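Q: I have a model open in front of me and would like to talk it through before I go back to the bench. Can you take my questions as they come?

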Amino acid sequence: MSIPVWLQAGLWGLVAGGALLLGAFAGYKFAVPPRLIAAIMAFGSGVLISALSFELMEEAFHTGGFTATALGFLGGAAVYTLANWWLSHRGARHRKRSGDQQPTPDEGGSGAAIAVGALLDGIPESIVISLSMLGGGKVSMVAVAAIFLSNVPEGLSSAAGMKKAGRSAGYIFGIWGGIALASGVAALAGYTVFEGFSNEVVAATTAVAAGAILAMLADTMIPEAFEEAHDFAGLITVAGFLSAFALSKMGG
């Protein structure tokens, strides 16, 4: 008995989101050196930049044309930036940082804002997974691999910073476990909602997700990578980009 495609989408979203929980476990349980965390973050950033360049934007352009792709891309970045700006002023600015930047509960760090911020970072990636399955019912393994590889350092860095800020294990794993589940639900819902839409709408939505992902990288992941690994951050990011590029070519 074959698994329905909508359920497959949810499962792939759960797999990719589960990398956040895996990274959070490593960041909480082990004393990972900050420079290593930063290096992994730089690599993950390069992976995602490559994926959104050669998988998301290219597919959106060929499917929906330049106008829909450009508007979606800018719109996704604008919506993410505004939402992130609002959350940043409520204590979630440094939610991905592994050092001492994250505020403690006593310093006004809003646990709810941090949780919503983590959800905001993960939803566009889940939507990308579900959209890749529309039409043929086959997931883009390059997209799943890229998101998985980038989610590990996200969870690792954020959990390490949360622990230093005095957050409890229940809070940390509750957030990342919830985000992993939400990633699966978002991928499932994304496939169900967009299954009947035109190629142009799907292309624009893919571009929206790509714009949000790139804005997230610039706002949250790249600053952490540069903070500790600034001497080699560029080279490591290029290595991540090349790895995902190679995956896309082997997958094609």
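A: What follows goes from the overall fold to the helices, the core, the empty spaces and a few single residues, and the model is a predicted one.

Q: OK, basics: how many helices and how many strands are there in the protein?

A: The protein has seven helices and zero strands, so that, read from the N terminus on, its elements run α-α-α-α-α-α-α.

Q: And what share of the residues counts as buried?

A: Of the 252 residues of the protein, 48% count as buried. As for contacts along the chain, among those between residues at least 6 apart in sequence, 85% join residues at least 24 apart.

Q: Let's look at α4: what span should it have, and what do its end C-alpha atoms give?

A: Helix α4 covers residues 141-164, and because each residue is taken at 1.5 Å, its 24 residues should span 34 Å; the end C-alpha atoms are 35 Å apart, which agrees.

Q: Is that helix mostly covered or mostly open?

A: Helix α4 is mostly covered, with 17 of its 24 residues buried. After α4 comes G166, which has a positive phi, near 90°.

Q: Pick a residue in it, say L156: buried or exposed?

A: L156, which is found in helix α4, has a relative accessible area of 6%, and because anything under 20% counts as buried, L156 is buried.

Q: What does L156 touch?

A: Leaving aside neighbours within four places in sequence, L156 is in contact with G23, A24, A26, G27, V32, I37 and I40. There is also L21, which is 135 residues from L156 in sequence, while their C-alpha atoms are 8.4 Å apart in space.

Q: Switching to the core: which residues of the largest nonpolar core touch the most other members?

A: In the largest nonpolar core, which has 34 residues, V128 and I213 touch the most other members. The elements giving two or more residues to this core are α1 (5-29), α2, α3, α4, α5 and α6, and the largest share, twelve residues, comes from α6.

Q: Which residues does I213 touch, then?

A: Not counting residues up to four places away in sequence, I213 touches L48, L52, L56, P124, E125 and V128. Apart from the largest core lies another core, of eleven residues, among them L20, Y28, M162 and I172.

Q: Now for the empty space: what volume does the largest pocket have, and which residues lie nearest its centre?

A: The largest pocket has a volume of about 450 Å³. Its lining is made of 23 residues, of which E59, L131, S132, L134 and V202 lie nearest the centre.

Q: Which helices give residues to that lining?

A: Two or more residues of the lining of the largest pocket come from each of α2 (34-92), α3 (111-131), α5 (169-194) and α6 (199-229), and α2 gives the most, with six residues.

Q: What's the lining like by class?

A: The lining of the largest pocket has twelve nonpolar, seven polar and four charged residues.

Q: And cavities: how many of 30 Å³ or more?

A: The count comes to three cavities of 30 Å³ or more, and the largest cavity has a volume of about 50 Å³.

Q: What lines the largest cavity?

A: The largest cavity is lined by L48, A51, L52, E55, L56, V128, A143, I147 and I213. By class, this lining has eight nonpolar, no polar and one charged residues. Helices α2 and α4 each supply at least two residues, and α2 gives the most, with five.

Q: Two serines to finish. S45 first: buried or exposed, and what are its contacts?

A: S45 is found in helix α2 and is buried, with a relative accessible area of 1%. Leaving aside neighbours within four places in sequence, S45 is in contact with L217, M221, I222 and T237.

Q: And S248: where is it, and is it buried or exposed?

A: S248 is found in helix α7 (residues 233-251), and at 10% relative accessibility S248 counts as buried.

Q: What does S248 contact?

A: Beyond its neighbours within four places in sequence, S248 is in contact with F54, E55 and V142. The C-alpha atoms of S248 and S140 are separated by 9.3 Å, although the two serines are 108 residues apart along the chain.

How values were computed: Residues numbered from 1 in each chain as written. Predicted model: local features only at pLDDT ≥ 70, side-chain atom pairs only at ≥ 80, totals over all residues. Heavy atoms only, no water. Helix = DSSP H or I, 4+ residues; strand = E, 2+ residues; numbered from the N terminus. Expected span 1.5 Å × (residues − 1). Buried < 20%, exposed > 50% of the residue type's maximum accessible area, 1.4 Å probe, protein only. 1 Å grid on protein atoms, 1.4 Å probe; cavity = no way out; pocket = protein on both sides within 12 Å on 5 of 7 lines; lining within 4 Å. Points joined across faces, edges and corners; volume = space filled by probe spheres on them. Nonpolar A, V, L, I, M, F, W, Y, C, P; charged D, E, K, R; others polar. Contact = heavy atoms within 4.5 Å. Core = buried A, V, L, I, M, F, W, Y, C linked by side-chain atoms within 4.5 Å.
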